Structures are given as structure tokens and as C-alpha cells.
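Could you walk me through this model, from its strands to its side chains? Please keep it informal.

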Amino acid sequence: MNVIPYLEYQPTIPKNATHDRWVSIIGRAAVGENCHFSDLVTIRADGESIDIGNSCWFGDYATVHIADSMFGVTLGDNVTVGRFGLVHACKIEENCILGEHAVVMDNATVGKNSVICSNSVVPPGKKLESGWIYQGVPAKPVRELTSNELEQLRSAVKNRQTESIGELVVSSSPVPDIVLDPGHGVTKLLSEQRYIAPTAAIDGELTMDDHSSIWFGVEINAAGAAVHLGEASNIQDNSRVTLEPGEKLTIGQRVTIGHNVQMHSGTIGNHCIIGMGSTLGKGTVVEDGGVVAAGAITEPNTVVAAGMIWSGNPARQSRPLSEENAKLFSIGVDVYKLYTKNYNAQS
């Protein structure tokens, strides 16, 4: 386990916590008793606090992260987060289950004894009532849970069982395993203006401009291919880039690739946002200022128009990006520039 301070903050983790490989727990994180962290789980409390209750369980590549100086994370006792699940700057009350590749976004609250189905997204600020199954993008109530279902579904998530009701929380779409060992191809950069986290893994030709960064658990599996990351752009925790030999992925300036994103060859323009938990099909082009929403899935060779938000599965154009949101996204880029500086200073 990588227990990593951030600035003056040191994580607190009890001795009875159990973990698999390459787990990272960072900054203002406080972990309760008897929690388990599977491969490449990242708990990143570098800009706010994360409080994790007792007996919580995190599947492979799950990510818990804050919204810098705005919202922390609170998890109640006995919360279960499936593989590639993403908990972002929100509150999840006791006994809840997040299915594989589910996303809960900023300032949302999930009431106790609830289930968020696989590949579902709880939007920012949403308040979900206790005791229901929620599904979809955005997640909507399907029905109330019966008395025995909650623990059946929890077992399905932990054991990756798809039989019967387990199909609600174990993803029917491929959830990729890592191919490269974390740390593969990662060396300390000579310039403090770029950062690659120690649990990232890189194979292939990678070029990075100033102030760009690659974060915990990211895998760039691109042998014989090329990835370019433009100035002040970032690829956030547990995202996956997979290229075939001869392919390219070009990412422009001031681009945010959110947590737990899956990407292939393509072109991302300047000032773009690729939302948390989204998947970009091979050959996707995102024009300048374009946005792929959280949890969206683009078909191969999709062209996301400049300044427009695309959402859904398959992703379709929904609305223009507002000036207010564009300003907020720009602030987020500057936050990651500061993270780059601070992590380099302490590494």
C-alpha cells in the first residue's frame, strides 16, 4: 500500500485494513476499521477530506476523490464499491452498494441501503432516497429493495457473480484488467512542470508538454503507438488508454480526462472535458471546447462538435456548454497544475 502525505496532511489507516496490490491512499483520508482495498484502488484526499466508515469494501480500480476546496467525501459503514466504481466529492450513507463502473458525482447524496446499478451515473447535487435500486444515466429509481436483495447484491459485487439479480451490479460490458505492472515505464521527470504518479503504467511513445500530468493507476498501453498530452492537460486516476501499433492519441491544451475513463485512438482538441467514467470509441474526435459527459459512450469515429456536450449511450449531442461551466472547467485545469507542482515538490 502506498500511504502518501499531501502537504501537511497524512492519511490515517487502522492496522486491520486489508489490501491487495498497488493501493494508494493520499492526504486527508481517514479510514475506518476492517476496510478492504483491492488492486489499484485510489483514495485521493489532496484538496479536501475523505472519511471512510467501518467495513467498507472497494473493488479493483475503484477511485474515491474530492472536489478541491469545495466538497469532500463521506462514506458510511459497510459501503461496497464495485470494480471501476467512482465516488467523487459526495456522501454515500451506510450499507449502500455501487455496481461496477457506477459513478456518483459532486455534492450528491445516496441514502442508506441503496444500490446504484452498474454503468449508472448519479448527477451532481442529486439526493437519492434510502432503500431503492437506481439505474441509468442519470440514475433513476427502479424499485424498492426487498429484504434479502441487498446482501445478495453485495456478494455479487464482491465475487463478480452475474447470475440472477447480480447482473444489476456486475457490468455486462467489458471492464478491462490492467495489462502493465504499475510503475512500468514511469521515471521521475526532470522538469517539475510535469508529473507522472508512481502507480501509473506506460508503454509506447509518450510526449508531455509543460504542466501536464498523469495520475494514480492510469495505464497507457500503447506499444508501437504514440500518445501526446498537451500543455496543462491531465489524465486522472484509473483511466485507461489502449492503442494498437501505428495508432495515435493526440490530446490538446488544457484538457481534462476525468477519472476512470477508457480511451482509444483519436484526437481531442483544446479546452475539452472527457467526463468521469466515460468511454471513447476508437477514432473519436472531440473538437475544441467539446465535452463528453460523465458515463457517456461514444461510438467509433464519432465527432463531438466544438463547444457542445455529448451524453448518453451511444453518446449524442445534447446542448451547448455554458460559459459558467466552461469557467469552472478552466479552474479545474488550474487546480491540476497546482497538484503537479505540489506532488513534484514532495516526491
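Here is a tour that starts with the strands and ends with the cysteines.

First, some ground rules. This is a predicted model, in which local features need pLDDT of at least 70 and side-chain atom pairs count only at pLDDT 80 or more, while totals for chains, interfaces and linings use all residues. Residues are numbered from 1 along each chain as its sequence is written, and side-chain values use heavy atoms, with hydrogens and water left out.

Let's begin with the sheets. Helices (H or I, at least four residues) and strands (E, at least two) are DSSP runs, numbered from the N terminus, and two strands pair if DSSP finds at least two bridges between them. One open sheet has 8 strands in the order S2-S4-S6-S9-S12-S15-S18-S19, with mixed pairing. Its edge strands, each pairing on one side only, are S2 (18–19) and S19 (140–144). Inside that order, S15 (residues 115–116) and S18 (residues 132–135) run parallel and share 2 bridges, and Ile116 stands opposite Tyr134 in S18.

Another open sheet, again of 8 strands with mixed pairing, follows the order S20-S22-S24-S27-S30-S33-S36-S37. Here the edges are S20 (195–196) and S37 (316–320), each pairing on one side only. S27 (residues 256–257) and S30 (residues 273–274) are parallel and joined by 2 bridges, with Ile273 in S30 as the bridge partner of Thr256.

Now for strand S3 (residues 24–31). S3 is mostly covered, with 6 of its 8 residues buried; buried means under 20% relative accessible area, exposed over 50%, and partly exposed in between (1.4 Å probe, protein chains only). S3 pairs in the parallel sense with strand S1 (residues 2–4) over 3 bridges, and Ile4 has Ile26 in S3 as its bridge partner. S3 also pairs in the parallel sense with strand S5 (residues 42–52), over 7 bridges. In that pairing, Ser24 is matched with Thr42 in S5.

Two polar residues are good places to zoom in. Asn234 belongs to strand S24 (residues 234–235) and is buried, at a relative accessible area of 0%. Its side chain makes a polar contact of 3.0 Å with the side chain of Gln236; such a contact is a pair of N or O atoms within 3.5 Å, where within protein one must be able to donate a hydrogen and the other to accept it, and residues adjacent in sequence count only if both atoms are side-chain atoms. Contact in the broader sense means heavy atoms within 4.5 Å. Leaving aside neighbours within four places in sequence, the contacts of Asn234 include Ser213, Trp215, Thr256 and Tyr336.

Glu149 sits in helix H1 (residues 149–159) and is buried too, with a relative accessible area of 6%. A polar contact of 2.8 Å links the side chains of Glu149 and Arg143. Not counting residues up to four places away in sequence, Glu149 touches Ile133, Arg143, Glu144 and Ile165.

Next come the rings. Rings of Phe, Tyr and Trp (its six-membered ring) pair if their centres lie within 6.5 Å; planes under 30 degrees apart count as stacked, over 60 as edge-to-face and the rest as tilted. The count comes to 12 aromatic pairs. One of them is Trp215 with Tyr343, edge-to-face at 5.1 Å centre to centre and 75° between the planes. This pair links distant parts of the chain, 128 residues apart: Trp215 is in the loop between S22 (213–214) and S23 (219–229), and Tyr343 is in helix H2 (residues 323–346). Both residues are buried, and both belong to an aromatic cluster that also includes Tyr6, Tyr195, Phe216, Tyr336 and Tyr339.

Some rings have a charge over them, meaning that NZ of Lys or CZ of Arg is within 6 Å of the ring centre and within 35 degrees of the ring normal. The charged end of Arg28 sits over Tyr9, 4.1 Å from the ring centre, and Arg240 lies over the face of Tyr61 at 4.9 Å.

Finally, what about disulfides, that is, pairs of cysteine sulfur atoms within 2.5 Å? A search of the whole structure finds 0 of them. Cys35 is in no disulfide, and the nearest cysteine sulfur, in Cys56, is 4.6 Å away. The sulfur of Cys96 is 10 Å from the closest cysteine sulfur, again that of Cys56, so the distance is too far for a bond. Cys35 is buried at 0% relative accessible area, and Cys96 is buried at 0% as well.

Note on methods: A disulfide is a pair of cysteine sulfur atoms within 2.5 Å.
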